[in-house]
Amino acid sequence: MIRTVFGLEHPFQLLIIDDNSPDGTADIIKRLMPEYDGRLHLLQREGKLGLGTAYITGFRWAMEHGYNYIFEMDADFSHDPKDLIRLYDACAEKGADVAIGSRYITGINVINWPLGRVLMSYFASVYVRTVTRMPVMDTTAGYKCYRREVLEAINLDKVRMKGYGFQIEMKFTAWKFGFNIVEVPIIFTERQEGSSKMSGGIFGEAFFGVMKMTIRGWFRTYKR
């Protein structure tokens, strides 16, 4: 993944967050860092603190270091690194505040997923749109580019959902603040490496969390 991203025409930088992984991730990153002369970065945490907290840690690090366009993506090649260019262009050239790599904006663009998983993911987005009225087709997408201003406006300390629902809450909050959210069609391919962290508990958090999030939104003032 690192070599693929750094082989793109745009000079992206990468931050890897490692939660004390037993597979030697941190050692690999440390070995590669001198090769990429300040473009590859590593944050190590003491243990498994949750996917949402890892994203928040990364967002804060990026803002502290002055980045204007901040991406999140999976490192298992389910997200095609080449689409980073298209997400960047949507924000930097076409005026989006949040660019979402969307599986559902032009139909269902998912490869090698079991039918049951496709249906669960698609109808999860239908459910979120129905409850929140948010005009986003792929509400659970995890491939995104944010303008810095979006993350500055969102109080990351107030983000409640830490698992599957984290992706939904970040989009919902950006939408409530009035930011321009654009969906860029991508083809999502079943992971080439690793295994899914999806569980019933994570899905349940998202299901009930969406209702709670929507109700809280009725009483919150969204001012930039």
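## Helix α7, two domains and two buried residues

Helix α7 is mostly covered, with 10 of its 12 residues buried; buried means under 20% relative accessible area, exposed over 50%, and partly exposed in between (1.4 Å probe, protein chains only). The model is predicted: local features need pLDDT of at least 70, side-chain atom pairs count only at pLDDT 80 or more, and totals for chains, interfaces and linings use all residues. Residues are numbered from 1 along each chain as its sequence is written, and side-chain values use heavy atoms, with hydrogens and water left out.

The buried residues of α7 include Phe166, Ile168, Met170 and Phe172. Helices (H or I, at least four residues) and strands (E, at least two) are DSSP runs, numbered from the N terminus. The expected span of a helix is 1.5 Å times one less than its number of residues. For α7 (residues 165–176) this gives 16 Å, and the end C-alpha atoms are 16 Å apart, which agrees. Glycine 178 follows α7 and has a positive phi, near 85°.

The domain assignment, whose bounds come from an automatic or database source, gives domain 1 (1–49) and domain 2 (68–219). Their C-alpha centres lie 23 Å apart. Seven residues from domain 1 and 12 residues from domain 2 take part in the contact, where contact means heavy atoms within 4.5 Å. The two domains bury about 770 Å² between them, 90% of it on carbon and sulfur atoms. Buried area is the accessible area (1.4 Å probe) that two parts lose on being put together, summed over both. On the domain 1 side, Met1, Leu8 and Phe12 lose the most area to domain 2, together 63% of what that side buries. The rule finds zero salt bridges across this interface; a salt bridge is a side-chain nitrogen of Lys or Arg within 4 Å of a carboxyl oxygen of Asp or Glu.

Two buried residues are set out below.

| Residue | Place | Relative accessible area |
|---|---|---|
| Threonine 139 | loop between α5 (115–132) and β6 (144–147) | 0% |
| Histidine 41 | strand β2 (residues 40–44) | 16% |

Not counting residues up to four places away in sequence, threonine 139 touches residues including Gln167, Ile168 and Lys171, and these three are among the buried residues of α7. Threonine 139 also touches Ser125; the C-alpha atoms of threonine 139 and serine 125, 14 residues apart along the chain, are separated by 5.2 Å. With the same exclusion, histidine 41 touches Gln13, Leu14, Leu15, Ile16, Ile29, Met33, Trp61 and Tyr67.
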